[in-house]
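Let's walk through this structure together, one region at a time. Keep the 3D view open beside the text and turn it as you read.

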Amino acid sequence: MQDVWKWAEGLRRLLRRHRDPVVVQTLRSATAATIAYVVALHLSPEPAPLTAPLTALLVVQVTLYATLTNGFRRVNSVVAGVLVAIAFSQLVGLTWWSLALLIVASLAVGHLVRVDEYIPEVAISAMLVLGVTTISSTAWARIVETLIGAVVGMGCNLLLPPPVWVDEAGESIEGLARRLRQLMLRMGEEAAGLTPWQRAAERLHEARRLDHAIVEVDAALRQAEDSLRLNPRVREGLLHRVVLRTGLDTLEICTVVLRVLARTFTDLAKAREPEPLFASDAGAAVERLLSQIADAVVSFAVLVTTSISESAESAEARLTAELHSAAGTRDKLAELLRDDVRRDDRNWQLLGAVLTEVNRLLDELDTEHRTRRLLEELDRVSAEQRAKRPPWLTWLRERVGVAERLRRNRGGGPGRSL
């Protein structure tokens, strides 16, 4: 037993140096399963208590929140299956038709006790227990082993604390922003010259492929959000989650707008072929404007992923300056396009669409818009949490708040009681 704890301590030091999700999950799962098996050897009447390491292996997840929720559902599913098996063993025993009834009843019970993805585990536990002869001892042993595995799996988070995946989510968000920047720069360079519509269509396909990148970033962000829940090492976890989520929402909207802009460029290239997309002055302004917006997108991503206040202030100041420069270039481009339309109004709708889509990008990246969106989301999430809060907890918080106000009104210090 002492060797197992030494091994776990060595793994803890290794995990501190290595934060790769696959490595972390593999080592934590193997450790939890091994410890659960060793403990079950001493407490379970079975000679090979493999249910304990199996339960620990299924319970342990990357985040503390997922571990706790999966642990409780796993225990409920196994206990429900064992109880169904005990009832069937007393009534009918094991036959082909009783097995069919057992599976149907177990799945129905799984839905009733709300074990979600562990509903098949209810039927599996019931079949395993019903298939043995010494039903009472086996049922008790399976419950004990399941409890051991679940407790060890959840306790493994204290011995090997799961990492907070905020940094990884931030890197994913910044990576998405840089991909947007690269696409904007290419579109700007091609807008300043003679661009065949086939090349403009390639940029449109690139913009559409960014949807896959958003899905990957969303998965990384969900993992980060789970790692912040119920994590005692994290302060202001709600604020971190909302800042990252609203930041990704903004980048997703920018991706959609950029895809529409790429479609406008493609249609404009077809309409003006073999001429350039824009006149020389307007094309240079488009290139400069998209370059400025591209830099602003990266600055926005850095802003929403920066946790240190000084760095966040610097990123916000840089973003504000870049948006101000982009707005000036946008105004200059509007004048040039208006002059072009006066000379030739055949493509005035597409030229107007370019300005409309650029304005949408600037509006989404605006710092005031971001602050307003952040406050709205914080209010919404806080209201949802209050709605889910048990009535007794709400009552207790109100009583504590009243007591705190009375203490302050009486001039009491932090250590003074009423």
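## A pair one turn apart

Start in helix α12, where aspartate 340 and arginine 343 are three residues apart and therefore separated by about one helical turn. The two form a salt bridge, and their closest N and O atoms are 2.2 Å apart. Please keep in mind that this is a predicted model, so distances like this one come from computed coordinates.

Are the two partners buried or exposed? Aspartate 340 has a relative accessibility of 14% and counts as buried, because the cut-off for buried is under 20%. Arginine 343, at 63%, counts as exposed, since exposed means over 50%.

## The overall fold

With that pair in place, step back to the whole chain. The protein has 15 helices and zero strands. Of its 418 residues, 45% count as buried.

Contacts between residues at least 6 apart in sequence tell you how the chain folds back on itself: 76% of them join residues at least 24 apart. On the outside, the protein exposes about 22,200 Å², and carbon and sulfur atoms supply 57% of that area.

## More salt bridges

How many salt bridges does a search of the whole structure find? The search finds twelve. Side chains of opposite charge can pair when their charged atoms come close.

One of these salt bridges joins the side chains of arginine 203 and glutamate 190, at 2.7 Å from N to O. This pair links distant parts of the chain, with arginine 203 in helix α9 and glutamate 190 in helix α8, 13 residues apart. Arginine 203 is buried, with a relative accessible area of 13%, and glutamate 190 is buried with a value of 13% as well. Both belong to a network of salt bridges that links Arg186, Glu190, Arg203 and Glu206.

Another salt bridge brings together the side chains of arginine 272 and glutamate 275, at 3.8 Å from N to O. Here arginine 272 counts as buried at 19% relative accessibility, whereas glutamate 275 counts as partly exposed at 41%.

## Inside the nonpolar cores

In soluble globular proteins, nonpolar side chains tend to be buried together. The largest nonpolar core in this model has 66 residues, and those with the most contacts inside it are Phe265, Phe278 and Ile293. Seven stretches are worth highlighting in your viewer: α8 (166-191), α9 (197-228), α10 (237-272), α11 (280-305), α12 (309-343), α13 (348-365) and α14 (367-388) each supply at least two residues of this core.

Zoom in on isoleucine 293. Leaving out residues up to four places away in sequence, isoleucine 293 touches Met184, Ala326, Val358, Leu361, Leu362 and Leu365. Apart from the largest core lies another one, of 14 residues, among them Ala52, Val60, Val144 and Cys156.

## Two polar side chains and their backbone partners

Threonine 255 lies in helix α10 and is buried, with a relative accessible area of 1%. What does the side chain of threonine 255 reach at 2.8 Å? Its partner is the backbone oxygen of leucine 251. Not counting residues up to four places away in sequence, threonine 255 touches Leu180, Ala207, Leu210, Asp211 and Ile214.

Histidine 42, in helix α2 (residues 21-43), has a similar kind of partner: a polar atom of its side chain lies 2.8 Å from the backbone oxygen of valine 38. Histidine 42 is exposed, though, with a relative accessible area of 62%.

## A buried glutamate and a nonpolar patch

Next, find glutamate 121 in helix α6 (residues 119-130). Glutamate 121 counts as buried, at 10% relative accessibility. Leaving aside neighbours within four places in sequence, glutamate 121 is in contact with Arg74, Ser77, Val78 and Arg142.

Finally, turn to the surface, where Leu91, Val92, Trp96, Trp97 and Leu101 make a nonpolar patch of about 610 Å². Helix α5 (residues 96-113) gives the most to this patch, with three residues. Leucine 91 has its place in helix α4 (residues 64-91) and is exposed, with a relative accessible area of 72%.

Conventions
Residues numbered from 1 in each chain as written. Predicted model: local features only at pLDDT ≥ 70, side-chain atom pairs only at ≥ 80, totals over all residues. Heavy atoms only, no water. Helix = DSSP H or I, 4+ residues; strand = E, 2+ residues; numbered from the N terminus. Buried < 20%, exposed > 50% of the residue type's maximum accessible area, 1.4 Å probe, protein only. Contact = heavy atoms within 4.5 Å. Patch = residues over 30% accessible without salt bridge, like charges linked within 9 Å, V, L, I, M, F, W, Y side chains within 5 Å. Areas by Shrake-Rupley, 256 points an atom, 1.4 Å probe, with all protein chains shown as cover. Salt bridge = Lys/Arg side-chain N within 4 Å of Asp/Glu carboxyl O. Core = buried A, V, L, I, M, F, W, Y, C linked by side-chain atoms within 4.5 Å. Polar contact = N/O pair within 3.5 Å; in protein donor to acceptor, adjacent residues only side chain to side chain.
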